[in-house]
Amino acid sequence: MLFADKGQEGWMAGVWVTVCLPGEAAGDVDGALVKALAPFHIDTPDNPLDRGMWDHRHITGGSDGRGFAVAPGYWDDHRLLHDEPGYLGAPCPNIPGVCGGGPRALLDFSRPALARERAAAASWDLWHALSAIHPPATALAVFVDRWRNDDGAFPDARQMLAAYRNQPLIKAYLDHPHSLDMGYLGFTGSLGPEEHPVIGYAGTRAEYIREFTGSGPENTDVLTEEGWWWEKATNHAVHAFCEPESCPHQPPDFSMWQGSEAYLAERPGDTILVRLHCHA
């Protein structure tokens, strides 16, 4: 790889998990998360190795559409959870109608991809709002052509891409989490950089949303209120309070689940759902 740009936040390998907390945790969600997640922390000597699932975590999903759609009438409810700052500390405001969690009764499970539809809409709206206040930007293809065909234009690919990205309109858009990190400013093998798909998009807003919204629901690991961490990749569950090899408790029948979102949609209305990205 010669050069890559995944935005100002970067990316860390890890796992997505949705934590289910009891309604009484509403007064101290972070404290309840600390308690629920502690048995699965990798770097705690008292925890069995086979129960280690994470070593860093943050609430996320509200700023990129991987969280939850908010039910009608609750978009501004103070009980909704907002994304914590990203790994490099930049704020990640929630997309309108999307959140990183909250009481299940405030969340909308009526359409599997609703949160991601709203995220695509937000990326479109952000681009057009910024285009109205910034000078037009020169297309990425122009920079690449100059770099390839004009020996004096740019010393190297990194500086060429930096010059493209530092245009006021492009920088304002790509630095905002609602741009969704789409596109790719880099070179890998024979693959050249790709401009964000909203830039120069010829269709309508509705067509853009349809084209860039996945059809299926989110599907994450789940940490149940009873302390079972269910891993979607293996359909295996580990109990928070037992040695994995000698746990006497019978786990829920996860084989009956139709994905994590179907399970979450059936939780009691006061259950607090929290979407986390964990480094593991």
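Asn 235 lies in the loop between strand E7 (228-231) and strand E8 (236-239), where strands (E, at least two residues) and helices (H or I, at least four) are DSSP runs numbered from the N terminus. The model is predicted: local features need pLDDT of at least 70, side-chain atom pairs count only at pLDDT 80 or more, and totals for chains, interfaces and linings use all residues. Residues are numbered from 1 along each chain as its sequence is written, and side-chain values use heavy atoms, with hydrogens and water left out.

**Exercise 1.** Describe the backbone and the exposure of Asn 235.

*Solution.* Step 1: phi of Asn 235 is positive, about 55°, although Asn 235 is not a glycine. Step 2: Asn 235 has a relative accessible area of 38% and is therefore partly exposed; the class lies between buried (under 20%) and exposed (over 50%), with a 1.4 Å probe and protein chains only.

**Exercise 2.** Locate Leu 180 and state its phi.

*Solution.* Step 1: Leu 180 is found in the loop between H5 and H6. Step 2: its phi is near 70°, a positive value in a residue other than glycine.

**Exercise 3.** Identify the residues of the largest nonpolar core that touch the most other members, and the helix supplying its largest share.

*Solution.* Step 1: a nonpolar core is a set of buried Ala, Val, Leu, Ile, Met, Phe, Trp, Tyr and Cys residues joined through side-chain atoms within 4.5 Å. Step 2: among the 25 residues of the largest one, Trp 127, Met 160, Tyr 164, Tyr 173 and Val 198 touch the most other members. Step 3: at least two residues each come from H2 (114-131), H3 (140-149), H4 (157-165), H5 (168-174) and H6 (205-211). Step 4: H2 gives the largest share of this core, 6 residues.
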